[in-house]
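Got the viewer open and the mouse in hand? Let's walk through this one stop at a time, and I'll tell you what to select as we go.

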Amino acid sequence: MTTKSRTRLSLALDILNHGGLLIVALVFLFPFFWMVTNAVRSNAEVMAYPVRILPQVFEWDNFAKAWTQLPFGRFFFNSMFVASSVTVITVIVSCLSGYAFARLKFPGRDALLMAYLGTLMVPAIMLIIPLFLIVNSLGMVNTFQGVILPVAFGTFGAFLMRQFFLSIPMELEEAARIDGASRLRILVSIIVPLSMPAIGLLSLFTFIAQWNNFLWPLIVMTGSDNATLPVGLTYFQTQQGTQWNFIMAGAALSMLPGVFLAILLQKLIYNSIALNAGMGGR
Amino acid sequence: MTAINDVTEVTGSQKRSRWGSRLDRREGRTAFFFLLPGLIGMVLFLVVPIIASVVLSFTNWKLLGTPQFVGISNYVRLFTADPQFWPVLRNTLFFTAEYLVLNIVISLGLAVWISSLKVGQRWFRVVFFLPTFTPGIAVAIVWMLIFAPGGFFDFVMRSMSIAMPNMLTDQTLAMQAVIIVSLWAGVGYNTVLFNAALDMVPQSYLEAARIDGANAWQRFWKIRLPLISPTLFFGTVMTAITSLQVFDQIYVMTRGGPGNATATLGYAIYQRGFQNFQMGYASTIAWVMFAMIMALTAVQFWLQRKWVHYDN
């Protein structure tokens, strides 16, 4: 075999290799395609047999109808409000605790940190019953605070921020301390601006986790208008004669922020998962 | 105050320790206020619920009325009298076993495939990662339409002249439908995780092996796989923990049916707790789930000595 034909062979194999995975990826993306193309059909056409791959008539205003009539628009804002609130509380609380763990001396610090880490072992689904009873006794069933507060105090954020704060050189805050700045002042005006990568990561994963959360809002929002989008989607799924086209439009709506963020922040996501991959070993 | 402190630090160790302890006390007070919001939240929404859950599991509370302490009779009933418990346990283990194996195999395969590409690695990573960033409920609803009677899946099967019952209403196929959806929604994270680990394998190792005459197959089994085995282990443990808790897909697609065919522990907790309002009994199931998670994790940590290769 000549060198020329060998390179030609390896090029052909390369194209085959890329093409093969491209086909796999397109098949993998099919449910997204099916969701969007069924959202813009009439309901009669969604149910029609034999199945058509593409709609005969594109009813783009189904999205507008789903937004206003069902009311997925309202659910969308509920989701946005819940996920954003949890994110803001989580970031503030995590920065405060993380700073105490990283920079302040107090008795029992290491034991408390271990306790924080230990709580990560407890699966969320185990606590829904006592959490519901607590929310119920506080009179917060069917309220936003009932959905938001119980999930806003996860301990992972404190640990993440502590790890990041430890990597910030001590000298940066010592000058401020000599000038008499308080710890809170130092945290807000020196440490936090330097910690934006970690805060961004914590915000991203907290927001997505809460945007996608289902079981907890399902239990707290018992059939009310305050439902988040995932819970709202199931309201219309149980009835017979389901309006599949509108539900697909609602599903597409609920996927929008995640898809957008996953594409936009792919590098940040990859780096954070790569960090896990590195830590998994060592 | 801090200025004085600086002076003492220069002048004497004896004085410094006195200043130091007062400073420590002040630092302790600052730390207390910094930790307070998190601690209140943690006690109210984590510590109290954990304790309450243990206590509840020994009562027969049904939300209305006063809870009565019933000792271990919930646990006894669960293992000896409840006709639904063993099927639920079997379904959960079945789901976890099949899902875990397929998830790891598929995501590792995809990760290796992606890492072999010369162009577009990051776009393929994004494609497979997308579902993990979207609501599991929306994913399940879309797949429900695909699997619906007379839906896309039935249509494809019939056009290929494969006679098969509807996935969601068949006693054995329903669980397979749930697993397919879970895989679609879940392989992306591990794919990116394993792909990142493969990226970290030093090229020089692979180059050296190639020069020594190792082919691609040998390089994978003898070099890349052992080197990423700690990450593989991490992914396996995390995936096992989440799959024992499966709920969303089942709630949307099958509601545990047909019959009991897809009822898992997570679904049983929801059903007993929030449909029958048996808060005590549901808490008992929750602790059985916790015990299973701990046991499975312990087994994996024990098994890792046989297959996970640590550098140092």
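Before the first click, a working definition: two residues are in contact if their C-beta atoms, placed from the backbone, lie within 7 Å. Keep that in mind for chain A, where residues 24 or more positions apart account for 75% of the contacts with a separation of 6 or more. Also keep in mind that this is a predicted model. Its scores are ipTM 0.90 and pTM 0.90.

**Stop 1: chain A, whole view**

Select chain A and show it as a cartoon. You'll see 15 helices and zero strands. The radius of gyration is 25 Å, well over the 19 Å that the globule rule gives for 282 residues, so chain A is more spread out than a compact globule. Turn chain A along its principal axes, and its C-alpha atoms fill a box of roughly 75 × 75 × 35 Å. Of the 282 residues, 40% are buried.

Now color chain A by pLDDT. The average is 89, and 96% of the residues score at least 70. Which element has the highest mean pLDDT, and which the lowest? Select residues 72-103 for the top one: this is helix α4 of chain A, with a mean of 95. Then select residues 266-281 for the bottom one, helix α15 of chain A, at 81.

**Stop 2: a helix crossing in chain A**

Hide everything except residues 61-69 and 244-264 of chain A. These are helices α3 and α14, which pack at an angle of about 80 degrees, their axes 9 Å apart. Angles of 65 to 115 degrees count as roughly perpendicular, which is why α3(A) and α14(A) get that description.

Turn on side chains for the residues that make the contact. From α3(A), pick A:Asn62, A:Phe63, A:Lys65 and A:Ala66. From α14(A), pick A:Asn245, A:Phe246, A:Ala249 and A:Gly250. What kinds of residues meet in the contact of α3(A) with α14(A)? The split is four nonpolar, three polar and one charged.

**Stop 3: two backbone oddities in chain A**

A little background for this stop: most residues other than glycine have a negative phi, and most peptide bonds are trans.

Go to A:Pro50, in the loop between α2 (43-47) and α3 of chain A. The peptide bond from A:Tyr49 to A:Pro50 is cis, with omega near 0 degrees.

Next, jump to A:Asn142, in the loop between α6 (128-137) and α7 (144-148) of chain A. A:Asn142 is not a glycine, yet has a positive phi of about 65 degrees. Is A:Asn142 buried or exposed? Somewhere in between: there are 16 other C-beta atoms within 10 Å, so A:Asn142 counts as partly exposed.

**Stop 4: where the chains meet**

Bring chain B back into view and select the contact between the two chains. How many residues does each chain put in? Chain A gives 73 residues and chain B gives 76. On the side of chain A that touches chain B, you'll find 52 nonpolar, 17 polar and four charged residues.

**Stop 5: chain B, whole view**

Now show chain B alone. Here the count is 13 helices and zero strands. The radius of gyration of chain B is 27 Å, whereas a compact globule of 312 residues would have one near 20 Å. Along its principal axes, the C-alpha trace of chain B spans about 90 × 75 × 35 Å. Buried residues come to 40% of the 312 in chain B. Among the contacts of chain B with a separation of 6 or more, 68% are between residues 24 or more positions apart.

Color chain B by pLDDT too. The mean is 88, and 93% of the residues in chain B reach 70 or more. Then select residues 1-16 of chain B: pLDDT is below 50 over this stretch, which has 11 contacts in the model beyond near neighbours in sequence.

**Stop 6: one loop, two oddities**

Finish by zooming in on the loop between α11 (248-253) and α12 (265-274) of chain B, where B:Pro258 lies. A cis peptide bond joins B:Gly257 to B:Pro258, with omega about -5 degrees.

The loop between α11 and α12 of chain B also holds B:Arg255. This non-glycine residue, B:Arg255, has a positive phi of about 50 degrees. With 13 C-beta neighbours inside 10 Å, B:Arg255 is classed as partly exposed.

How values were computed: Residues are numbered from 1 along each chain as its sequence is written. Chains are lettered from A and ligands numbered from 1 in the order in which they are written. Axes are lines fitted to C-alpha atoms, for helices over the stretch in contact, and angles run from 0 to 180 degrees between N-to-C directions. Helices (H or I, at least four residues) and strands (E, at least two) are DSSP runs, numbered from the N terminus. Angles under 35 degrees count as roughly parallel, over 145 as roughly antiparallel, 65 to 115 as roughly perpendicular and the rest as oblique. Ala, Val, Leu, Ile, Met, Phe, Trp, Tyr, Cys and Pro count as nonpolar, Asp, Glu, Lys and Arg as charged, and the others, Gly among them, as polar. pLDDT is the predictor's confidence in each residue, from 0 to 100. The radius of gyration is taken over C-alpha atoms; the globule rule is 2.2 Å times the number of residues to the power 0.38. A residue is buried if 20 or more other C-beta atoms lie within 10 Å of its own, exposed if 12 or fewer, and partly exposed in between; C-beta atoms are placed from the backbone.
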